[in-house]
Amino acid sequence: MSKKDQTAHRPIVLLVNGPNLNMLGKRDPEQYGTFTLSDVEKAFSEKAEELGVEARFFQSNGEGELCGAIHEALDYASGIVINAGAYTHYSYALLDALALTKLPVMEVHISDIHSREPFRRVSVIQSACVGQVCGLGIRSYTVGLERLVRHYISPDNETDRKRLTLKSELAGLRDEINHIDAQMVALLRRRMDVAGRVIAAKAESGKAVYDPVREAAIIENIRALATVPYADAATSMVKTLMRLSRERQYDYLRDTNPEEFRLGAGLPPKADGVLSGVKRAAFAGNAGSFSAAAAKVLFPHAEQMPCESFSAACEKVVSGAAEYAVLPLANTTGGPVGTVYRLLRHRLHIVRSIDMPVMHCLAVLPGTKVSDIRRVVSHPQALSQCSNIIRENNWSTETSENTAFAAAAIAHAGDSRQAALCSAEAARDNGLEILLDNVCDTDCNTTRFVAVSRELVLTPDASRLGLLLQLPDRAGALSTVLNLFEDRSLNLSSICSQPVPDRPWEYAFFVDVDAPALDEEALAVVYQLSRELPFLRIVGWFGTTVPRQT
Ligand code: CA2
């Protein structure tokens, strides 16, 4: 067909396939997929139709024949898409043939030649081509054709041109992005491979994975390369890359030395049945307190040891007088119980948790009316959980060590202007009358109680890892830590900051992670954090008890 004929028709694009591509789908499906050469040509035709061009095909295993077909294309084609197979990497004859046509040529490859053997990373025909698409499997051909047509061949037909312009703008940009992404993934793989080799060298010389001086130098370099306005974006990107590299390096250490890795986290082996033979359980308050109710559910056969305060209950555990203490850690309305978090900072470990629905009632001396009340007494948490009724009645408040003590105090004072916020049981035990039931601000008021012990105990049903972290004082320190959990698909079920005593405005973070006992991914994060943070403590790796519905 002459060039004259061509003007009356759609532009023609020649698809050239080089040596061995006639064997597609017949051998080596892991590398090149299961599609055949005719599948390629069919997909190419369909895309050509969509783009308003005509497709022609040529395949040969011979260098000379390929050159011949390319020369002939001079007479009819407006562009060439070529997968030159292995000739890509060394055929200067093909390079010359393509270059002499002066046609726009798009180089395509099924596999990602940049992440394969070094000899495949070189394309000697590249300089005769307007672009290269690789690593997208059969889509490399259609994406390559689309880029060629959109950027280098315009369809003759006016309707097609309009249709294309409408569809093409966004699609073309998206292709561009996909192409860039494919290149970035290839580079990422190379970077991660090199990071793997770096750790092997570091491990030999005993150097740490985390090297803040080197990271700062990399960031400085990247900022200089990226320049305004992309310096910040490039910094974020390279920080992510460095974090991923470190994760890969810690994985290497874990895989090469699993025993040290587990012990490095200071964890005992899993132990079954440790919670069933408990003899004594301490808690704050008396028999009617919510803590007592939680202790009863957690340790039904243990002797209950009521104590004056949370810290007194903890002392019982530290001294060995009780094996466990049961403490309220947080409430859905009142938030975290600061005192208990403080007690968990150094010595004790969480071995179990239970979420107990908590209903406070308003307890008074028998015969008292709501209008008589001037003041309510209770634990600060209970007062905050019932703040609505207190505010509405304009009552003053007084705090007590716990809700059961509040009930006892009201009974003892014999003053009908005072009321206690406490459990129904505490009201009954102290001879008080329940004036109002369930006076909480919400009807799903729940307190999380924890059982704590001197030792870290890992029961087989452990499902939550509790960590205490102190962060370095630098921008992004918290988000870096949170990303480590995300990178390993670990769900953070709670995070709570608590002030560090004696260090004004410094905070430590209590973090709960959903993870079964000794979960590999959770251990990997613990390992990494233990090496990168100024302070890390495993507060517990514990199971949860679900209270029976009454
Ligand atoms: O990834 C590509 O598309 C390649 O161009 C394919 C060539 C290879 O030499 C290039 O480096 C990359 C190889 C084509 C061989 O095709 C086969 C088909 C079926 C079974 C085995 C090989």
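**Salt bridges, a surface patch and the ligand site**

E49 and R10 pair up through their side chains in a salt bridge, with N and O 3.7 Å apart. This one ties together distant parts of the chain: E49 sits in helix α3 (residues 37-51), while R10 belongs to the loop between α1 (3-8) and β1 (12-17), 39 residues away. R10 is partly exposed, at a relative accessible area of 26%. As the model is a predicted one, these distances and areas are computed from predicted coordinates.

The E49 and R10 pair has plenty of company, with a count of 24 salt bridges. Another joins D355 to R448, where the closest N and O atoms come to 2.7 Å. Here too distant parts of the chain are linked, with D355 in strand β10 (residues 349-357) and R448 in strand β16 (residues 446-453), 93 residues apart. Both ends are partly exposed: D355 has a relative accessible area of 31%, and R448 has 23%.

D232 and R223 make a further salt bridge, their closest N and O atoms being 2.8 Å apart. The two ends fall into separate accessibility classes. D232, at 52% relative accessibility, counts as exposed because the cut-off for that class is over 50%. R223, at 33%, counts as partly exposed. Salt bridges also join up into a network, which takes in D251, R254, D255, R488, E520 and E521.

Turning to the surface, I180, M184 and M237 make a nonpolar patch of about 260 Å². M237 is found in helix α9 (residues 231-256). With a relative accessible area of 40%, M237 is partly exposed, so it clears the cut-off of over 30% that patch residues have to meet.

Then there is the ligand. Its surroundings comprise 16 residues, of which H89, H109, I110, S111 and R120 come nearest. Sorted by class, this shell holds seven nonpolar, six polar and three charged residues. Oxygen atoms of the ligand have polar partners on the protein side. N83 brings a polar side-chain atom to 2.8 Å from a ligand oxygen. N20 and A86 take part through the backbone instead: a backbone N or O atom of N20 lies 3.5 Å from an oxygen atom of the ligand, and a backbone N or O atom of A86 lies 3.3 Å from one. On its own the ligand would expose 510 Å², and the protein buries 92% of that area.

Terms used. Residues are numbered from 1 along each chain as its sequence is written. This is a predicted model: local features need pLDDT of at least 70, side-chain atom pairs count only at pLDDT 80 or more; totals for chains, interfaces and linings use all residues. Side-chain values use heavy atoms; hydrogens and water are left out. A salt bridge is a side-chain nitrogen of Lys or Arg within 4 Å of a carboxyl oxygen of Asp or Glu. Helices (H or I, at least four residues) and strands (E, at least two) are DSSP runs, numbered from the N terminus. Buried means under 20% relative accessible area, exposed over 50%, partly exposed in between (1.4 Å probe, protein chains only). Patches are made of residues with over 30% relative accessible area and no salt bridge: like charges are joined within 9 Å, nonpolar side chains (Val, Leu, Ile, Met, Phe, Trp, Tyr) within 5 Å. Accessible areas come from the Shrake-Rupley method with a 1.4 Å probe; for residues, only the protein chains shown count as cover. A residue is near a molecule or strand if one of its heavy atoms lies within 4 Å of it. A polar contact is a pair of N or O atoms within 3.5 Å; within protein, one must be able to donate a hydrogen and the other to accept it, and residues adjacent in sequence count only if both atoms are side-chain atoms. Ala, Val, Leu, Ile, Met, Phe, Trp, Tyr, Cys and Pro count as nonpolar, Asp, Glu, Lys and Arg as charged, and the others, Gly among them, as polar.
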